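Work through the exercises below with the model open beside you. Each task is followed by its solution in steps.

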Number of protein chains: 2
Amino acid sequence: MKFDKSLLSGSTQLLVLSIVAQEDAYGYEIITKLAEKSEHAFEMKEGTLYPVLHSLEKDGYLTAYEQETAGGRKRRYYHVTDKGLKELAAQKEQWNAFAAGVGRVLGEGSPA
Amino acid sequence: MKFDKSLLSGSTQLLVLSIVAQEDAYGYEIITKLAEKSEHAFEMKEGTLYPVLHSLEKDGYLTAYEQETAGGRKRRYYHVTDKGLKELAAQKEQWNAFAAGVGRVLGEGSPA
DNA sequence: AGGAAATACATTGAACATCGAGGTATATAT
DNA sequence: ATATATACCTCGATGTTCAATGTATTTCCT
């Protein structure tokens, strides 16, 4: 496929970038928000999220800073960079093209 | 994720099932049709398709029969079974839920 | 006060999917 | 004759995700 790595699995990146772009967020929070917003269609696992977060940071799409709660709990917040916003836009486009393609393949012959 | 294997990568199965369900087809033809119908959003590789075809057949979603062209070229046609049609319906539902979920995550905050 | 559950971070090994490259063979076009 | 398209297939490398596991703190319940 043309999209596979940059979409099928890249949908993870897309989702994470999208959440963080809306508001700075920390790991645990991202998982929660994803579940909420998708109405539990997604339930991303920590083992999936953290490596993605690290690679997004390494690639310069996100920056991280630590902050303590009133309670004293440390959280690692992520913030999207300009580069990250551009990447997000690109991945959104890719997703739309992919989804439209699937729709076209499924639609003809027996419109759901 | 909840869907990953049954959707992200399972989108391959969905796509193939959908093509064959519309009309019996052989391997090479499936790749061509997928490219056409999706307006080149997908370009499935043979190394991806044939293993999928074999596993769909093994699982009873497809049956195969051989046929020769006027030219004398042998083709292995695939036909969808009742079980395959049910699976297709199920995977379509999954896809729709997934796509809707992504849409919801992307949509809020900055409606494209 | 004590214990369970939720919060919050992270890593590792196994499983799985896809691709790229390679292989075989026939038909058609140049 | 030779190159390209058709048509099937396999294998190894790569990359992604998950389940399991680990640590530590905070909050809730009894």
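**Exercise 1. Locate B:Glu39 and B:His40, then describe their backbone and exposure.**

Step 1. B:Glu39 is found in the loop between H2 and H3 of chain B. B:His40 lies in the loop between H2 and H3 of chain B as well. Helices (H or I, at least four residues) and strands (E, at least two) are DSSP runs, numbered from the N terminus.

Step 2. Check phi. B:Glu39 is not a glycine, yet has a positive phi of about 55 degrees. For B:His40, also not a glycine, phi is positive at about 65 degrees. Most residues other than glycine have a negative phi.

Step 3. Check accessibility. Buried means under 20% relative accessible area, exposed over 50%, and partly exposed in between (1.4 Å probe, protein chains only). B:Glu39 has a relative accessible area of 57%, so this residue is exposed. B:His40 has 45% and counts as partly exposed.

A note on the basis. This is a predicted model: local features need pLDDT of at least 70, side-chain atom pairs count only at pLDDT 80 or more, and totals for chains, interfaces and linings use all residues. Residues are numbered from 1 along each chain as its sequence is written, chains are lettered from A and ligands numbered from 1 in the order in which they are written, and side-chain values use heavy atoms, with hydrogens and water left out.

**Exercise 2. Classify the crossing of H2(B) and H3(B), and list the residues in contact.**

Step 1. Take helix H2 (residues 27-37) and helix H3 (residues 46-58) of chain B. Their axes come within 10 Å and cross at roughly 120 degrees. Axes are lines fitted to C-alpha atoms, for helices over the stretch in contact, and angles run from 0 to 180 degrees between N-to-C directions.

Step 2. Name the angle class. Angles under 35 degrees count as roughly parallel, over 145 as roughly antiparallel, 65 to 115 as roughly perpendicular and the rest as oblique. H2(B) and H3(B) are therefore oblique to each other.

Step 3. Assign the hand. The crossing of H2(B) and H3(B) is right-handed (near helix turned clockwise from the far one by less than a right angle; anticlockwise would be left-handed).

Step 4. List the contact (heavy atoms within 4.5 Å). H2(B) contributes B:Gly27, B:Tyr28, B:Ile30 and B:Ile31. H3(B) contributes B:Glu46, B:Leu49, B:Tyr50 and B:Leu53.

Step 5. Sort these residues. The contact of H2(B) with H3(B) has 6 nonpolar, 1 polar and 1 charged. Here Ala, Val, Leu, Ile, Met, Phe, Trp, Tyr, Cys and Pro count as nonpolar, Asp, Glu, Lys and Arg as charged, and the others, Gly among them, as polar.

**Exercise 3. Work out the strand order and pairing of the sheet in chain A.**

Step 1. Start with the elements. Chain A has 4 helices and 3 strands. From the N terminus on, they run α-β-α-α-β-β-α.

Step 2. Order the strands. The open sheet of 3 strands reads E1-E3-E2, with antiparallel pairing. Strands pair if DSSP finds at least two bridges between them.

Step 3. Find the edges. E1 (25-26) and E2 (62-68) of chain A each have a single partner strand, so one side of each is left without a neighbour in the sheet.

Step 4. Inspect one pair. E1(A) and E3 (residues 74-80) of chain A are antiparallel over 2 bridges. A:Tyr26 stands opposite A:Tyr77 in E3(A).
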